[in-house]
Amino acid sequence: EDAEGFAVVGRDNTDHNITEKMLRAERDRSQMFLDIAEVGFLLLDSDGTLQLVNQKACEILECAEDQAIGANWFSTFLPQRLRDPVSEVFKQLMAGLIEPVEYYENAILTKTGKEKLISFHNTATRNSDGEIDGVFFSAEDITDQRRTEAEKAKVEEQLHHAQKMDAIGRLAGGVAHDFNNIL
């Protein structure tokens with residue numbers, strides 16, 4: 001009788017499982033910190049694909065996290081008129097030809113099709129070789145703030161115009177009064 005032999009190879013994955021649990025816990029903790037922030041946090045990889053968003057970023061973009069993660073930033077969240085110029089600057093940044101602009105403002109397009117004005121603070125992310133491999137940025141919706149500033153400027157201009165008209169009216173009234181006295 002031929003006996004068939006079986007070889008059993010075992011592997012202790014305890015350390016690996018503990019490390020994975022620790023990494024998941026640390027990721028969840030980091031996400032919790034990002035989610036309590038009053039600004040949006042986003043991370044783009046070198047292709048312009050969203051790799052990370054926090055809760056506030058999802059509110060600004062008007063979409064769920066799973067609709068944002070994996071989406072191309074330029075084709076999904078930028079108005080058509082800005083896609084090419086902003087994408088070109090991003091490519092130059094990824095190639096190391098330019099430094100990231102720390103602060104800028106531009107329009108975005110939400111998932112619901114609404115355009116918003118956003119202020120961005122940016123920093124380049126680097127891989128272990130020191131090469132730029134993405135951009136991490138914060139985003140704040142300043143649409144209402146800019147609208148309020150524009151309305152305030154308009155009201156101030158109207159007030160200034162009214163004051164000029166009042167001054168002209170007083171001058172004309174004074175001239176008419178003086179002319180009447182001469183007569």
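**Briefing: cysteines, a three-stranded run of hairpins, and a pocket**

At 10% relative accessibility, C63 counts as buried. This is a predicted model, and the points below take up its cysteines, the antiparallel pairing of strands β3, β4 and β5, and its largest pocket. The count of disulfides comes to zero, while the largest pocket has a volume of about 310 Å³.

**Cysteines**

- C58 also counts as buried, with a relative accessibility of 11%.
- For the sulfur of C63, the closest cysteine sulfur is that of C58, at a distance of 5.2 Å, which is too far for a bond.
- The relation holds from the other side as well, since the sulfur of C58 has its closest cysteine sulfur in C63, again at 5.2 Å and too far for a bond.
- A disulfide is a covalent bond between the sulfur atoms of two cysteines.
- Because a pair of cysteine sulfur atoms must lie within 2.5 Å to be taken as a disulfide, the separation of 5.2 Å between C58 and C63 does not qualify, and the count by this rule is zero.

**Strands β3, β4 and β5**

- Strand β3, covering residues 103–109, runs antiparallel to strand β4, covering residues 115–126, and seven bridges join the two.
- In that pairing, Y103 stands opposite H121 of β4.
- The hairpin of β3 and β4 has five residues between the strands, and within this hairpin G113 takes a positive phi near 90 degrees.
- On to the next pairing, β4 and strand β5, which covers residues 132–141, are paired in the antiparallel sense over nine bridges.
- H121, which faces Y103 in the pairing with β3, stands opposite S138 in β5.
- The hairpin of β4 and β5 likewise has five residues between its strands, and here G130 is the residue described as taking a positive phi, near 85 degrees.

**The largest pocket**

- The lining of the largest pocket comprises 16 residues, and those nearest its centre are V86, V89, L93, Y104 and N122.
- By character, the lining residues divide into 13 nonpolar, two polar and one charged.
- At least two lining residues come from each of α4 (73–77), α5 (80–94), β3 and β5.
- Among the contributing elements, α5 gives the most to the lining, with four residues.
- Strands β3 and β5, each of which supplies at least two residues to this lining, are also the strands that pair with β4, through seven bridges in the case of β3 and nine in the case of β5.

Methods:
Residues are numbered from 1 along each chain as its sequence is written. This is a predicted model: local features need pLDDT of at least 70, side-chain atom pairs count only at pLDDT 80 or more; totals for chains, interfaces and linings use all residues. Side-chain values use heavy atoms; hydrogens and water are left out. Two strands pair if DSSP finds at least two bridges between them. Buried means under 20% relative accessible area, exposed over 50%, partly exposed in between (1.4 Å probe, protein chains only). On a 1 Å grid over the protein atoms alone, a cavity is a set of points where a 1.4 Å probe fits but cannot get out, and a pocket is an open set with protein on both sides within 12 Å along at least five of seven lines; lining residues have an atom within 4 Å of a point. Grid points are joined across faces, edges and corners, and a volume is the space filled by probe spheres set on the points. Ala, Val, Leu, Ile, Met, Phe, Trp, Tyr, Cys and Pro count as nonpolar, Asp, Glu, Lys and Arg as charged, and the others, Gly among them, as polar.
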